[in-house]
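This report goes through a protein model part by part. Have the sequence and the structure at hand while reading.

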Number of protein chains: 2
Amino acid sequence: MSEIVPGLEGIFVAKTRTSRVDGEAGELTIGGFPVERLAPAASFEEVVFLLWEGRLPTASEYRTLRNDLAARRALPAETLPLLRRAAQRSLHPMDALRIGAATLSLSDEDPLANSRGANTERARTLIAAFPTLVAAYAQLCAGKNPVEPDPMLGHAANYLQMLNGAPATAETVRALETYLNTVVDHGMNASTFASRVIVSTRSDMTSAVVGSIGALKGPLHGGAPGPALDMVFEIQKRAQISGQPIAEEARRWAEKAITAGERIMGFGHRVYKVRDPRAEVLGAAAARLFADREDAALYRDARTVETELRSTLARLKPTHRLETNVEFYTALVLHGIGLPANLFSPTFAISRVGGWTAHVLEQIDDDRLIRPRAMYVGEFDRPWTPIEER
Amino acid sequence: MSEIVPGLEGIFVAKTRTSRVDGEAGELTIGGFPVERLAPAASFEEVVFLLWEGRLPTASEYRTLRNDLAARRALPAETLPLLRRAAQRSLHPMDALRIGAATLSLSDEDPLANSRGANTERARTLIAAFPTLVAAYAQLCAGKNPVEPDPMLGHAANYLQMLNGAPATAETVRALETYLNTVVDHGMNASTFASRVIVSTRSDMTSAVVGSIGALKGPLHGGAPGPALDMVFEIQKRAQISGQPIAEEARRWAEKAITAGERIMGFGHRVYKVRDPRAEVLGAAAARLFADREDAALYRDARTVETELRSTLARLKPTHRLETNVEFYTALVLHGIGLPANLFSPTFAISRVGGWTAHVLEQIDDDRLIRPRAMYVGEFDRPWTPIEER
């Protein structure tokens, strides 16, 4: 008798050229580049091109893609009333994004076409419109009117301008872009896999990506970095009250949480057994972002907290290998950029849609239905009883 | 080195009490009942209850579920303008259903709750609203206004009334109900698996089901039974022109198609190696539906065509075991009910959402992230070249 493979752990389901996660070595390769080389140097548009085409764009290809994405930022006319209603009902921002993204089929040039080319067009529209959807929803939730996209700006700069109603600084744009590049793809995660399963029936790009948004919403996907930052704030507050150094308060926090058997937010990852390489990249991005700022102490305190938590975890849970994960510095970078915590997950989606679309194109090329099996554990041959006799 | 498992074929990914497919024996068990015992006897509401609760409802439980579903048929106010726009743009009915279903989060009582109970509520709303979405879209595409749901009618009868603007006969309701019950669940098919992957991150019921709609749209899912019926019509037409018996024309058709290496629609299935048991159930439903009708000849001709195609396939492709699949009689039953071919797939979704929701509840109980692996076949350690040097 065959056995269940829980969570499909260890099962290889597809070949990919998008990214490789080496959890033992703590290495992440994106489109052939070590993440620490690619993420701080590239624009998000370059990384999307890389994932789709397998190489970096020339200057002319880059301009073409950038302009094309900029031209696709507007939403269908029917989408804004939906987002307005979602804001009135205080929907989860990921649900609002899912509802909005589903409507992007309304702006399809050729809705019934299903060639690879038609699906690449859809991928461009999805990537371009995600920031518009997220920013519009954030504005509506704040009781404001959405800010029009600015076609002169790049992807990241335009997102920030739509969120804040004012131009972003070069430093925050760079920090956001580094974040978007860092988390754009990460092997066969659950949301990416959802896209592949959906399109494996020869469905379309939009259907696949809408499914992925749903998967990314779930907290097991790691889309909730807010609590890691809350912990830093809480430790800061305690140090202020007690007059003790941050390091001392962080140690106490960790000892208490570990004794109580609680999970420490921002540490531990199913795949990485050493420090998540993305924590490295985002830690460095945070260092640059917070340098010379009024709130530079937050960065220093977060570093101190990380150091103390790591050493306390290593001391009290030596066999667990609980190292800093991507959430810890994601929260710090996104907070430093000025994003509220409820936009962390949708901003993750704005990045990861780059990976989803690249995997969907690979799956279209592979053209193989993904259909595992279920093990039936129910009854057989039940007798039928008419309802009046039950 | 580990190997790719193409399409995850043969991999068991979860336990289930919903259904079991025995492809060698040609047996389908749904909630413990052989499909041929359950489908023609039960109402769709009873089958949904069975899949969710693992047993048939009492008369009182049945009334409660039926009334609750009837009360959830209305759409959010913002949904109809979207469907109207979708109709103007001639979107695929499955895309319209996906867009509309995504908006059902707007009628959530408690949008941020994510308990099992909250997701069961969502399941009820999804099941209840699918027929409203499909019928409204069909009416709008025909330039008519949607017909209001009638809370006095059962699920199947109300769907037909919304589609036709007039009450359905008991015979067509029974035929539709038998169809809905027959295809409500079928092991770990791709759309069901998509739901499970999505909710495995602890996302929600609506997100999962919206993903499944996307998967069901794809032609590899078998959601396109229209061509099987077109073939019967074509063979009828040829017989009329040639004056030859239907059987003779069917044999010629099959011989020509097989010689040309073409696939014969309505025959062959990835799982079933003998006659699909659903073909049996739907064939019997078609016999009852067409009995004494003016177009009873269509049923007789379809039977003749099936017989001739089977015997010709067995003669010319003896090793292929190409038997009648569910599409052949699905098309005949749905046509007999009065549905146009472009509503076959969305009507399939109206049924299968029963299975999706049941699997999602099982997956919520299992609470295990589904995350397989990808095999990276790209480059490593590429050097970064600034864009002006490319």
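## A proline in a loop

Leaving out residues up to four places away in sequence, which residues does Pro111(A) touch? The model is a predicted one, and in it Pro111(A) touches Arg122(A) of its chain, together with Arg89(B), Leu91(B) and Asp95(B). Pro111(A) is found in the loop between H5 and helix H6 (116-141) of chain A.

Is Pro111(A) buried or exposed? With a relative accessible area of 11%, Pro111(A) is buried, because buried means under 20%. Arg122(A) stands 11 residues from Pro111(A) along the chain, and their C-alpha atoms are separated by 9.8 Å.

## How the two chains are related

Two copies of a chain are related by a rotation about an axis and a shift along it. Here a turn of 180° and a shift of 0.0 Å along the axis lay chain A on chain B, with an RMSD of 0.0 Å. This is the relation of a two-fold axis. Within chain A, Gly211(A) has the C-alpha nearest the axis, 2.0 Å from it.

The contact surface can be compared between the chains as well. Of the interface residues of chain A, 100% are also interface residues in chain B, so the copies meet through the same surface.

## The nonpolar core

In soluble globular proteins, nonpolar side chains tend to be buried together. The largest nonpolar core in this model has 247 residues. Which residues have the most contacts inside it? They are Phe130(A), Phe193(A), Phe130(B) and Phe193(B).

Phe193(A) can be followed further. Neighbours within four places in sequence are left aside here. In chain A, Phe193(A) is in contact with Leu8(A), Val13(A), Met188(A) and Ile370(A). In chain B, Phe193(A) is in contact with Leu8(B), Phe193(B), Val197(B), Ile370(B) and Pro372(B).

## A covered helix

Helix H2 of chain A runs over residues 44-53 and is mostly covered, with nine of its 10 residues buried. The buried residues of H2(A) include Phe44(A), Val47(A), Val48(A), Phe49(A), Leu50(A), Leu51(A) and Trp52(A). Glu45(A) and Glu46(A) are buried in H2(A) too. Gly54(A), just after H2(A), takes a positive phi of about 80°.

## Positive phi outside glycine

Most residues other than glycine have a negative phi, and most peptide bonds are trans. Ser90(A) is not a glycine, yet has a positive phi of about 55°. The loop between helix H4 (79-88) and helix H5 (93-102) of chain A holds Ser90(A). Ser90(A) is partly exposed, at a relative accessible area of 44%.

Asp367(A), also a residue other than glycine, has a positive phi near 50°. Asp367(A) lies in the loop between helix H16 (344-366) and strand E5 (373-376) of chain A. Its relative accessible area is 37%, and Asp367(A) therefore counts as partly exposed.

## Aromatic rings

How many aromatic pairs does a search of the whole structure find? Over all chains it finds 11 aromatic pairs. One of them joins Phe267(A) and Phe328(A), which are edge-to-face at 5.8 Å centre to centre, with 65° between the planes. This pair links distant parts of the chain, 61 residues apart. Phe267(A) is in the loop between helix H12 (246-259) and helix H13 (277-290) of chain A, while Phe328(A) is in helix H15 (residues 326-337). Both Phe267(A) and Phe328(A) are buried. Together with Tyr329(A), they form one aromatic cluster.

Tyr376(A) and Phe380(A) form an aromatic pair that is also edge-to-face, at 5.2 Å centre to centre and 70° between the planes. Tyr376(A) is buried, with a relative accessible area of 11%, whereas Phe380(A) is partly exposed at 44%.

## Arginine over phenylalanine

In chain A, Arg293(A) lies over the face of Phe290(A), 4.8 Å from the ring centre. In chain B, the charged end of Arg293(B) sits over the ring of Phe290(B), 4.7 Å from its centre.

## Cysteines

A disulfide is a covalent bond between the sulfur atoms of two cysteines. How many disulfides does a search of the whole structure find? It finds zero over all chains. Cys141(A) counts as partly exposed, at 46% relative accessibility, and Cys141(B) counts as partly exposed at 44%.

Key
Residues are numbered from 1 along each chain as its sequence is written. Chains are lettered from A and ligands numbered from 1 in the order in which they are written. Side-chain values use heavy atoms; hydrogens and water are left out. A disulfide is a pair of cysteine sulfur atoms within 2.5 Å. Buried means under 20% relative accessible area, exposed over 50%, partly exposed in between (1.4 Å probe, protein chains only). Rings of Phe, Tyr and Trp (its six-membered ring) pair if their centres lie within 6.5 Å; planes under 30 degrees apart count as stacked, over 60 as edge-to-face and the rest as tilted. Helices (H or I, at least four residues) and strands (E, at least two) are DSSP runs, numbered from the N terminus. A charge sits over a ring if NZ of Lys or CZ of Arg is within 6 Å of the ring centre and within 35 degrees of the ring normal. Copies are superposed by least squares on the C-alpha atoms of residues with pLDDT of at least 70 in both. Contact means heavy atoms within 4.5 Å. A nonpolar core is a set of buried Ala, Val, Leu, Ile, Met, Phe, Trp, Tyr and Cys residues joined through side-chain atoms within 4.5 Å.
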